[in-house]
Protein chains: 2
Amino acid sequence: MKTLVIVAHPKIDDSTTQQFLKQGVEQVDAKWHHLDSLKTFDKNKERQLLLRADRIIFQFPLYWYSAPASLKRWEDEVLSSNFVYGDGQYNLADKEFGLVVTTGMPDHSFKTGEAENFSLDEILTPYRALAMRAHMKILPLFAINQFYYMEETAQMQLLMDYERYLTQPYPDSLKKRSQWYFAQFNNYKFKNNVDVLKSAFEQSNLDLDELHSTLKMIKQGEDDSLE
Amino acid sequence: MKTLVIVAHPKIDDSTTQQFLKQGVEQVDAKWHHLDSLKTFDKNKERQLLLRADRIIFQFPLYWYSAPASLKRWEDEVLSSNFVYGDGQYNLADKEFGLVVTTGMPDHSFKTGEAENFSLDEILTPYRALAMRAHMKILPLFAINQFYYMEETAQMQLLMDYERYLTQPYPDSLKKRSQWYFAQFNNYKFKNNVDVLKSAFEQSNLDLDELHSTLKMIKQGEDDSLE
């Protein structure tokens, strides 16, 4: 699977979060495509990149409830309606579409009555509307809030989750997750992350145990109700 | 009242709709501020324009469920968080905020299951979120769908509604509307629009009659329920 990560950030060298995520892109089968570092772009080359990808990610910091202007400029120039849905030909149909959005606010601020008043899903409606118009498959949002407050272990876990978001088959499931982790074990680049992998596995096992006992209880309940 | 109309459109000379709306701005106490025709802008001058306005309108054609890139670039550069809400000082607080959005799609396409899948209110969440963050008062959206299919009378009616949107006190009411129309009668510029005004008045009177009879019925109902 080929993943294209379209990154919009006007000052990417100063962004610890973006530099951190870039490591993740380099560890998996994904292409980092930073828009602000292109002085101009060729519409047709950009479209070729899109056509070759199976999964397309828009990645950006949230500026005024939207991507930086560079992404919008790219959308306005590259995505003609003719390319996206003209004459009933949907060139991006069935590709997967994901959003990686970083914010400086805590999770809880994204709800009615809190500082940001809207959920990230509500705020990002324009991108979902675009993906739907293009007949793409929408992945759940990957949000990163206040990266700089995270402890190192949490950051390493985030990196693994990010790499899964770029390359693991979706919809997510315990099975697909385990398969993905197994595949990564064979990847020498991950050697340094063995501890994180181990704890992820332990968590998976706990989840499994919990699922089993929940199922057992449900079954018990159903049996009881039949009596 | 001073109204600032911030217009984003990359090819404004080719836009019949924008040229038409520009006439409206020229007839009332409002300033037309077209971003794409500024090669660069001075952050501080832009902020002064905002500070001097009582009502701020963002006006644009909907490109991929959002404004053209020029507006986003302006937002990213002019609206620092420090200017908008820094240190608890809300420089734009209590100003009115409106959106004039033109689209090439019919009204009914903006709902779940139709071509655009989302309502315009949902799509425009980022602007509402910005206005709420700035402690501004939000006016209802002014949407213009498929302007080019409108008959001339409908276009003239639209122009009057647009001018009201720029200058009439809100929330809208029959009384405020009538007062606004009366004030415009004294404005010689409107001479050519007397027919439209007349039909607007007739409509107002019909609305009033209907309201009176509705009220009468409600009152009747209440009296009955007391028996």
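1. A residue is called buried under 20% relative accessible area and exposed over 50%, with partly exposed in between. By that rule B:R177, with a relative accessible area of 23%, is partly exposed, and B:D172, at 34%, is likewise partly exposed because its value falls between the two cut-offs. The side chains of B:D172 and B:R177 meet in a salt bridge, with an N to O distance of 3.6 Å. In chain A, salt bridges that share partners join A:D161, A:R164, A:D172 and A:R177 into one network.

2. These points concern a predicted model, and the confidence values should be kept in mind while reading them. The model scores ipTM 0.85 and pTM 0.86, and chain A averages a pLDDT of 90, with 92% of its residues scoring at least 70. As a general caution, where pLDDT is low, the predicted coordinates should not be read in detail.

3. A search of the whole structure finds 18 salt bridges over all chains, and two further pairs in chain B deserve a comment. The side chains of B:D161 and B:R164 meet in a salt bridge at 3.4 Å, N to O; both residues lie in helix α7 (residues 152-167) of chain B, three residues apart, which is about one turn of the helix. The two partners are not equally covered, since B:D161 is partly exposed at a relative accessible area of 23%, whereas B:R164 counts as buried at 8%. The other pair is B:D121 with B:R128, whose closest N and O atoms are 3.9 Å apart. Here B:D121 counts as partly exposed at 46% relative accessibility, and B:R128 counts as partly exposed at 24%.

4. Strand β3 (residues 55-61) of chain A is largely enclosed by the rest of the structure, because seven of its seven residues are buried. In a regular strand the side chains alternate between the two faces of the sheet. For β3(A) both faces are covered, with A:R55, A:I57, A:Q59 and A:P61 buried on one side and A:I56, A:F58 and A:F60 buried on the other.

5. The pairing of β3(A) involves two strands of chain A, namely β1 and β4. Strand β1 (residues 3-7) is joined to β3(A) by five bridges, and these strands run parallel; within β3(A), A:Q59 stands opposite A:V7. Strand β4 (residues 96-103) is joined to β3(A) by seven bridges, again in a parallel arrangement, and A:F60 stands opposite A:V101 in β4(A).

6. Turning to chain B, helix α3 (residues 69-78) has seven buried residues out of 10, so it is largely enclosed by the rest of the structure. The buried residues are B:A69, B:S70, B:L71, B:K72, B:W74, B:E75 and B:V78, a list that includes B:K72 and B:E75 alongside residues such as B:L71 and B:W74. Their packing partners come from both chains: α3 (69-78) of chain A takes part, together with β1 (3-7), α2 (43-52), β3 (55-61), α4 (81-85) and α6 (125-133) of chain B.

7. Helix α6(B), one of those packing partners, is itself mostly covered, with seven of its nine residues buried. The buried residues are B:T125, B:P126, B:Y127, B:A129, B:L130, B:A131 and B:R133. After α6(B) comes B:H135, which has a positive phi near 60° although it is not a glycine. The place of B:H135 is in the loop between α6 and β5 (137-138) of chain B, and B:H135 is partly exposed, with a relative accessible area of 40%.

8. A second backbone feature to check in chain B is B:W64, which is not a glycine and yet has a positive phi of about 45°. B:W64 is found in the loop between β3 and α3 of chain B. At 12% relative accessibility B:W64 counts as buried, in contrast to B:H135, which is partly exposed.

9. Each chain also has a cis peptide bond to be inspected. In chain A the bond from A:Y170 to A:P171 is cis, with omega near -5°, and A:P171 is found in the loop between α7 (152-167) and α8 (174-185). In chain B the bond from B:Y170 to B:P171 is cis, with omega near 0°, and B:P171 is found in the loop between α7 and α8 (174-185) of that chain.

Notes: Residues numbered from 1 in each chain as written. Chains lettered and ligands numbered in written order. Predicted model: local features only at pLDDT ≥ 70, side-chain atom pairs only at ≥ 80, totals over all residues. Heavy atoms only, no water. Buried < 20%, exposed > 50% of the residue type's maximum accessible area, 1.4 Å probe, protein only. Helix = DSSP H or I, 4+ residues; strand = E, 2+ residues; numbered from the N terminus. Contact = heavy atoms within 4.5 Å. Pairing = 2+ DSSP bridges. pLDDT = per-residue confidence, 0-100. Salt bridge = Lys/Arg side-chain N within 4 Å of Asp/Glu carboxyl O.
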